[in-house]
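Here are a few exercises to work through with the model open beside you. Try each task on your own before reading its solution.

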Amino acid sequence: MPFSLSGNFKSCERSKLRNFEKHLGIILSENQTQLQQHLMIRRALQNLSGSVSVLSSLSRQELLSFIFILTQFGDIIRTETPPEYLQLESIPYVIEWTKGHYMIPLEILEHLAHERIFRDQGYLFALIPALPIKEKKSWIRWIGVDFEKGGDRDLNFEIYFQCRVLQKPFLGKSLVQESEIRLEQIWPRGKNEYIDWFYKGLSTFYYAMEEMSRKEKDPFLLHVIELIKSGKFILKRLPDHYGKESTYSLVGTVEGNTPQLRETTFQWEVERLRKDSLF
């Protein structure tokens with residue numbers, strides 16, 4: 001899992017940060033507080049002409065490499081990555097934080113999440129922030145993480161981190177082939193009390209899914225529920241129409257349709273899983 005540069009930039013090799021700093025027009029220093037570093041990076045990103053123009057300047061192989069690292073939840077290891085996806089050195093959004101270990105810092109992922117192109121294409125990191133806060137809190141409780149501290153931003157990345165762990169065993173596969181499914185096609189109104197609570201606004205969707213995961217007997221529906229829990233499919237509210245009830249769909253995510261290749265687990269990832277806290 002990638003981490004924030006702000007507050008952690010000393011974990012990166014200084015020489016590897018130069019391309020990133022040069023692109024943003026900043027210099028990170030240990031004399032700066034974590035908040036100062038975060039605000040500096042955020043302002044610099046906002047002052048750029050946009051990530052689309054940055055990415056359009058990349059070569060075809062560099063762009064494919066960048067897309068690949070996005071599908072891998074933002075970080076890869078050279079020895080565990082196909083050679084055709086390792087054209088990374090000139091991409092300003094990617095940092096080789098230590099030898100052979102590449103990541104897109106969380107500040108960059110947060111910035112890219114605001115770009116419509118990543119939401120429209122179905123990237124999980126861009127779709128999680130669009131969920132209502134109450135849905136995200138229900139989701140993280142269902143996953144089994146006691147997440148109390150931190151704000152909405154921290155919650156977004158905590159769900160993102162947990163989804164990578166949950167998706168790994170699927171190997172990028174599922175029994176559902178559609179990229180988007182109307183929720184009522186799976187669970188029609190009036191057929192299941194738990195999802196009806198959600199349709200009526202009496203509960204969140206992810207709370208209803210947690211309850212159904214305990215009660216459902218149908219193997220296929222249980223499979224769909226596990227796909228939702230792991231973020232391979234995510235809830236999307238469809239545009240409202242005057243006088244009609246709200247409708248929803250389940251959207252297949254790019255990360256959820258891609259096998260996760262990284263086998264290495266870093267010690268800090270193990271420790272944060274035990275402590276249920278952010279790096």
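**Exercise 1.** Decide whether Glu263 is buried, partly exposed or exposed, then describe its salt bridge with Lys168.

*Solution.*
- Step 1: This is a predicted model, and in it Glu263 has a relative accessibility of 59%. Exposed means over 50%, so Glu263 counts as exposed.
- Step 2: Turn to the partner. Lys168 has 23% relative accessibility and counts as partly exposed, because that value lies between the 20% and 50% cut-offs.
- Step 3: Check the contact. The closest N and O atoms of Lys168 and Glu263 are 3.1 Å apart, and a salt bridge requires such atoms within 4 Å.
- Step 4: Place the pair on the chain. Lys168 sits in the loop between H9 and strand E4 (180-182), while Glu263 sits in the loop between strand E6 (248-252) and helix H14 (267-275). With these positions 95 residues apart, the pair links distant parts of the chain.

**Exercise 2.** Find out how many salt bridges the whole structure holds, and work through the one between Glu110 and Arg153.

*Solution.*
- Step 1: Searching the whole structure gives 11 salt bridges.
- Step 2: In the bridge between Glu110 and Arg153, the closest N and O atoms are 2.9 Å apart.
- Step 3: Glu110 belongs to helix H5 (residues 106-112) and Arg153 to helix H9 (residues 152-167), so to speak two distant parts of the chain, 43 residues apart.
- Step 4: Look at exposure. Glu110 is partly exposed at 23% relative accessible area, and Arg153 is partly exposed at 24%.

**Exercise 3.** Describe the salt bridge between Glu184 and Arg189, then name the residues that shared partners join into one network.

*Solution.*
- Step 1: The closest N and O atoms of Glu184 and Arg189 are 3.2 Å apart.
- Step 2: Glu184 counts as partly exposed at 29% relative accessibility, and Arg189 is partly exposed with a relative accessible area of 25%.
- Step 3: For the network, look at Asp75, Arg164 and Arg262: salt bridges that share partners join these residues.

**Exercise 4.** Work out the strand order of the open sheet of 3 strands and identify its edge strands.

*Solution.*
- Step 1: Reading across the sheet, the order is E1-E3-E2, and the pairing is antiparallel.
- Step 2: Strand E1 (75-77) and strand E2 (95-98) are the edges, since each pairs on one side only.
- Step 3: On average, neighbouring strands of this sheet are turned by 30° against each other, direction ignored.
- Step 4: Zoom in on one pair. E2 and strand E3 (residues 101-103) are joined by 3 bridges, and Glu96 has Tyr102 in E3 as its bridge partner.

**Exercise 5.** Characterise the largest pocket: its volume, the elements that line it and the character of its lining.

*Solution.*
- Step 1: The volume of the largest pocket is about 420 Å³.
- Step 2: It is lined by 21 residues, and those closest to its centre are Pro132, Leu235, Lys236, Arg237 and Tyr248.
- Step 3: Helix H8 (133-143), helix H11 (193-199) and strand E5 (233-237) each supply at least two lining residues. E5 gives the largest share, 4 residues.
- Step 4: Sorted by character, the lining has 9 nonpolar, 4 polar and 8 charged residues.

Methods: Residues are numbered from 1 along each chain as its sequence is written. This is a predicted model: local features need pLDDT of at least 70, side-chain atom pairs count only at pLDDT 80 or more; totals for chains, interfaces and linings use all residues. Side-chain values use heavy atoms; hydrogens and water are left out. On a 1 Å grid over the protein atoms alone, a cavity is a set of points where a 1.4 Å probe fits but cannot get out, and a pocket is an open set with protein on both sides within 12 Å along at least five of seven lines; lining residues have an atom within 4 Å of a point. Grid points are joined across faces, edges and corners, and a volume is the space filled by probe spheres set on the points. Ala, Val, Leu, Ile, Met, Phe, Trp, Tyr, Cys and Pro count as nonpolar, Asp, Glu, Lys and Arg as charged, and the others, Gly among them, as polar. Two strands pair if DSSP finds at least two bridges between them. Axes are lines fitted to C-alpha atoms, for helices over the stretch in contact, and angles run from 0 to 180 degrees between N-to-C directions. A salt bridge is a side-chain nitrogen of Lys or Arg within 4 Å of a carboxyl oxygen of Asp or Glu. Buried means under 20% relative accessible area, exposed over 50%, partly exposed in between (1.4 Å probe, protein chains only).
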